[in-house]
Amino acid sequence: MGGFKVMYEYANRLFDLGYSVNITYPIKTKYMEYRLPYIVRKALSYIEGFRTNQWFKFREGITQCYVDTVSDKYIKDSDIVIATWWTTVLDMGRLGVSKGLKINLIQGYEDWIGHVDELHSSYNMPATTNIVVASYLKRIVEQYSNSQAYLIPNAIDSDRYKITNFISDRTLGSVCMLYSTQDIKGSDYGLQALKMIKQKYQDLKVDLFGIFPEPEGLPDWITYHRNPDDLPSLYNSNSIFIANSLTEGMALTPMEAMFCGCACVLTNIQGHSEYGIDNNTTLLYEPKNVNDLVLKLDILLSDDKKRVAIASAGNEFIQKFSWNVAVAKMDSIIRNLLDVDSKEK
């Protein structure tokens with residue numbers, strides 16, 4: 001999940017700056033939809049520990065722990081405590097002062113499970129600083145908050161995600177797309193469009209990737225990569241990337257693709273708005289509108305100069321979303337909070 005990945009990157013990079021970092025996983029959180037009952041989750045936290053959490057490499061020295069709940073009984077004393085996801089933030093807001101100054105890292109307008117009044121109340125927790133990852137979120141949060149929200153856009157590891165295959169050298173009829181069984185990711189619309197455009201471009205080849213099992217009935221011109229080991233190479237071997245999400249906070253996958261030189265066709269949603277400038281850095285299409293997606297794909301597949309121009313402009317623009325910049329901003333906010341708190345004491 002992108003939200004986890006962002007938090008983990010902050011953990012690593014703040015650790016590199018000299019912070020002592022502990023990551024805490026509550027087993028019980030209000031309104032969270034769990035696949036397994038509490039007693040099973042509790043048992044697995046002891047049996048499995050963090051052995052199954054190997055997809056992200058943490059710095060040695062970062063500690064991790066499971067706790068029953070986010071409460072004074074379980075959370076370690078600290079200088080700063082950072083939470084993401086609004087139900088966790090509500091619990092964080094009730095922690096005592098010994099647990100640290102509080103930061104609410106808001107990665108999306110998380111209204112999809114209802115309880116909107118409580119969601120909005122999470123923007124007004126006492127002694128809590130709101131940080132948002134996108135400009136549109138800043139506007140929303142400040143509408144329902146009594147204090148300023150700080151903007152730190154999401155970032156990508158440019159040492160890993162970069163161009164290794166020149167944009168102009170790529171096979172024109174090569175497309176990659178994230179596949180998900182979650183309805184909000186809109187994968188079915190993307191697959192429908194690809195099957196339609198294939199009728200015009202017989203040489204079209206598609207790389208589909210994701211964490212879910214391969215969808216049934218894929219034609220032989222679509223190759224599915226489950227949990228690919230080298231995602232940057234996958235992006236670099238394709239000329240076009242499609243993102244079909246119906247809602248996002250600030251989507252990471254299109255950013256990765258842009259860093260790797262793909263011309264991106266994205267849904268026209270707020271979660272793509274920080275970097276998706278239509279007919280400039282990307283082409284945008286209306287969510288769920290398969291015909292519109294086919295039209296935008298046709299533009300790129302029929303005009304290689306256009307494809308190269310979109311990919312090049314997108315790659316140049318996306319460079320500003322650097323982890324060095326993001327962590328420097330986070331470090332500055334934390335140091336300012338600690339300095340103000342020290343002066344007040």
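Thr 171 is a good place to begin: in this predicted model, Thr 171 sits in the loop between strand 6 (149-151) and strand 7. Its relative accessibility is 56%, so Thr 171 counts as exposed. Follow the chain 33 residues along from Thr 171 and you arrive at Leu 204, whose C-alpha atom is separated from that of Thr 171 by 9.5 Å.

## The chain as a whole

Now let us step back and look at the overall picture. The chain has 11 helices and 12 strands. Along the principal axes, its C-alpha atoms fill a box of roughly 65 × 45 × 40 Å. How does the radius of gyration of the chain agree with that of a compact globule, and why? For 345 residues, a compact globule would come out near 20 Å, and the chain has 21 Å, so the two agree.

Half-hidden residues are part of the story too. Of the 345 residues of the chain, 50% count as buried. Contacts across the sequence can be described in a similar way: among contacts with a separation of 6 or more, 64% are between residues 24 or more positions apart. The accessible surface of the chain comes to about 17100 Å², and carbon and sulfur atoms account for 51% of that surface. As for charge, the chain carries 36 positive and 41 negative charges, and the mean positions of these two sets are 3 Å apart.

## Salt bridges

How many salt bridges does a search of the whole structure find? The search finds 14. Three of them are set out here.

| Pair | Closest N to O distance |
|---|---|
| Arg 13 and Glu 9 | 2.9 Å |
| Lys 30 and Glu 118 | 3.4 Å |
| Glu 248 and Lys 185 | 2.8 Å |

Take the pair of Glu 248 and Lys 185, whose side chains meet in a salt bridge. Glu 248 belongs to the loop between strand 10 (240-243) and helix 8 (253-259), while Lys 185 belongs to the loop between strand 7 (174-178) and helix 6 (187-198), so this pair ties together parts that are 63 residues apart in sequence. Other salt bridges share partners, and in this way Glu 9, Arg 13 and Asp 157 are joined into one network.

Within that network, Arg 13 and Glu 9 form a salt bridge. Both residues are in helix 1 (residues 2-16), and because they are 4 residues apart there, about one helical turn separates them. Are these two partners buried or exposed? Arg 13 has a relative accessibility of 17% and so counts as buried, and Glu 9, at 11%, counts as buried as well.

The pair of Lys 30 and Glu 118 also forms a salt bridge. Lys 30 is in the loop between strand 1 (22-26) and helix 2 (38-47), whereas Glu 118 is in helix 4 (residues 116-121), so the salt bridge ties together parts that are 88 residues apart in sequence. Lys 30 is partly exposed, with a relative accessible area of 47%. Glu 118 counts as partly exposed too, at 24% relative accessibility.

## His 120 and its surroundings

Helix 4 also holds His 120. With a relative accessibility of 13%, His 120 counts as buried. Which residues does His 120 contact, once its neighbours within four places in sequence are left aside? They are Tyr 109 and Tyr 144. Ile 140 is 20 residues from His 120 in sequence, and the C-alpha atoms of His 120 and Ile 140 are 9.5 Å apart in space.

## Two residues with positive phi

Finally, look at the backbone of two loop residues. Tyr 31 is not a glycine, yet it has a positive phi of about 70 degrees. Tyr 31 lies in the loop between strand 1 and helix 2, and at 26% relative accessibility it counts as partly exposed.

Trp 85 is not a glycine either, and its phi is positive at about 75 degrees. You can find Trp 85 in the loop between strand 3 (80-83) and helix 3 (86-92). Is Trp 85 buried or exposed? Its relative accessible area is 15%, so Trp 85 is buried.

Technical notes: Residues are numbered from 1 along each chain as its sequence is written. This is a predicted model: local features need pLDDT of at least 70, side-chain atom pairs count only at pLDDT 80 or more; totals for chains, interfaces and linings use all residues. Side-chain values use heavy atoms; hydrogens and water are left out. A salt bridge is a side-chain nitrogen of Lys or Arg within 4 Å of a carboxyl oxygen of Asp or Glu. Buried means under 20% relative accessible area, exposed over 50%, partly exposed in between (1.4 Å probe, protein chains only). The radius of gyration is taken over C-alpha atoms; the globule rule is 2.2 Å times the number of residues to the power 0.38. Contact means heavy atoms within 4.5 Å. Accessible areas come from the Shrake-Rupley method with a 1.4 Å probe; for residues, only the protein chains shown count as cover. Lys and Arg count as positive and Asp and Glu as negative; His and the chain ends are not counted. The place of a charge is taken as NZ of Lys, CZ of Arg, CG of Asp or CD of Glu.
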